[in-house]
Amino acid sequence: GVYKGPHGSCHIQRGNTQIVSTTQVIAAHNSLKRILTVNQMTPVSAASPQFRNNQTHFRAMEFDLIRGDIDCSALIEQALFPVFPGPKEFPYVVNALTQVVSGDGAQSMSAVASSSVALADGGVPITCHVAGSTVGILKTHSGKDAVVHNLVDTLCMEEDIIDGKVSVAGARGGLTLACLNGVRSSELSLETVIAAVQAAESDALPLLDRMDAISPLNREPETLQNRTSCHAKTRVPKETIGRVIGPGGSKIKWVESETGAIGSIRDDGWVHVYGRSQKCCDVAIKMIVEASSGGISIGNTYTVKVKKIMDYGALVELQSGATGWLHISELCNERVANMSDKLSVGEEMEVICIGKDVKGNAKLSRKALLKK
């Protein structure tokens, strides 16, 4: 990553074209919302053309207007969507932004590669990297004497003279996008277009090698350590989902506030966490597993607070938010007729876990810690 603010980022330079892509991951509160949204922004300068795209212009930062490239944004989304995880594997909404720092052709396909690395850097579990390339088709003659030239990574000045442009994006397993636009000649044959697609695909393969070397998609510890953000998941029993969520979502909100991770719980028991580091995700997963199991282990001693007093016992709460049951017979050594005579709501005491019932609720004892 090149930024600390977004969840993932990448800067790519192909010739005079420079693209900066950032990724922001947010919780998916609406299952019908688009899971991947890409916006490409191009700076439009008020400076005269002869002063654009040079070092003096960049230092002056004379970018006065920002134009949103809707067509390029749609191409990037279509190119990345086949490798993007579904809502079951990654139940979050991803907002990707690509900014054209300097443009001299092949902007949309450069943005595809930059966005792919930014997604991986942000911990989004894409199946593989996607790279793109643009090939301009130029015919120097017409009729039988026509000679076709494929111009790889066309420049802006070349796009004014070509007869058509092919934009191709894909991974090692095949293409995810192929687009023909800017056609100015009616003599482009299917064979000519296919040859241009093959040339663009061959040009994208070396870029894939570079992307795999910079941002590997494996789950090795050293790879995860170098990423800006990480994603992890675990599965809990369905009957314990309520414990993980807590009353009014208090438990999962407490985990998020303590770790800084973003949690997402599915009805099938899968719990996803997304955080700034692998350590952050590991801590969140550990807290969720403890909440699922009640957060209490048999034989351990805990400091609890009385939450509710009933006729035959008291409901107590641990500091982690987990709850347990203290039966009236486990309060002290002598016989107790009324729990309210010995306890009051909000009182703290030491207890030990002596077992769990059939539903997994912890059974606590204060008597076991008292001297007889």
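This report walks through a barrel, an aromatic cluster, an enclosed strand and two buried residues in the structure above. Keep in mind as you read that the model is predicted.

**The barrel**

Let us begin with the strands that close up on themselves. Five strands form a barrel, and following them around gives the order β13-β14-β15-β17-β16, with mixed pairing. From one strand to the next, the twist averages 50 degrees.

Strand β13 covers residues 301-310 and strand β16 covers residues 348-356; the two run antiparallel and are joined by five bridges. To find this pairing in the viewer, look for Tyr302, whose bridge partner in β16 is Val351.

**Aromatic rings that meet**

How many aromatic pairs does the structure hold? There are three. Two pairs that share Tyr92 are set out here.

| Pair | Centre to centre | Angle between planes | Arrangement |
|---|---|---|---|
| Phe90 and Tyr92 | 4.9 Å | 55 degrees | tilted |
| Tyr92 and Tyr274 | 5.9 Å | 50 degrees | tilted |

Why is the pair of Tyr92 and Tyr274 called tilted? Their planes stand at 50 degrees, and an angle that is neither under 30 degrees nor over 60 degrees counts as tilted.

The pair of Tyr92 and Tyr274 also links distant parts of the chain. Tyr92 belongs to strand β5 (residues 92-102) and Tyr274 to strand β12 (residues 270-275), and the two are 182 residues apart. Together, Phe90, Tyr92 and Tyr274 make up one aromatic cluster.

Are these rings' residues buried or exposed? Phe90 is buried, at a relative accessible area of 0%. Tyr92 is buried too, with 0% relative accessibility, and Tyr274 counts as buried at 1%.

Another ring has a charged residue over it: Lys233 lies over the face of Trp270, 4.9 Å from the ring centre.

**An enclosed strand**

Now turn to strand β6, which spans residues 131-139. Nine of its nine residues are buried, so this strand is largely enclosed by the rest of the structure. Its residues point two ways: Ala131, Ser133, Val135, Ile137 and Lys139 go one way, while Gly132, Thr134, Gly136 and Leu138 go the other, and all are buried.

Which strands pair with β6? One of them is β8 (residues 164-171), which runs antiparallel to β6 and is joined to it by seven bridges. Here Ala131 has Gly170 as its bridge partner in β8. Strand β7 (residues 148-152) also pairs with β6 in the antiparallel sense, over five bridges. In β7, Val148 is the bridge partner of Lys139.

**Two buried residues to visit**

Ser167 sits in strand β8. It is buried, with a relative accessible area of 2%. Beyond its neighbours within four places in sequence, Ser167 is in contact with Met109, Ser133, Thr134, Leu177, Ala178 and Cys179. Take Ala178 as an example: it is 11 residues from Ser167 along the chain, and the C-alpha atoms of the two are separated by 5.7 Å. Two of the other contacts, Ser133 and Thr134, are residues of β6 that point opposite ways.

Thr17 is in strand β2, which runs over residues 17-27. At 1% relative accessibility, Thr17 counts as buried, because the cut-off for buried is under 20%. Leaving out residues up to four places away in sequence, Thr17 touches Ile12, Ser102, Gly103, Asp104, Gly105, Gln107 and Ser110. Among them, Ser102 falls at the end of the residue range of strand β5 (residues 92-102), the strand that holds Tyr92.

Terms used
Residues are numbered from 1 along each chain as its sequence is written. This is a predicted model: local features need pLDDT of at least 70, side-chain atom pairs count only at pLDDT 80 or more; totals for chains, interfaces and linings use all residues. Side-chain values use heavy atoms; hydrogens and water are left out. Two strands pair if DSSP finds at least two bridges between them. Helices (H or I, at least four residues) and strands (E, at least two) are DSSP runs, numbered from the N terminus. Axes are lines fitted to C-alpha atoms, for helices over the stretch in contact, and angles run from 0 to 180 degrees between N-to-C directions. Rings of Phe, Tyr and Trp (its six-membered ring) pair if their centres lie within 6.5 Å; planes under 30 degrees apart count as stacked, over 60 as edge-to-face and the rest as tilted. Buried means under 20% relative accessible area, exposed over 50%, partly exposed in between (1.4 Å probe, protein chains only). A charge sits over a ring if NZ of Lys or CZ of Arg is within 6 Å of the ring centre and within 35 degrees of the ring normal. Contact means heavy atoms within 4.5 Å.
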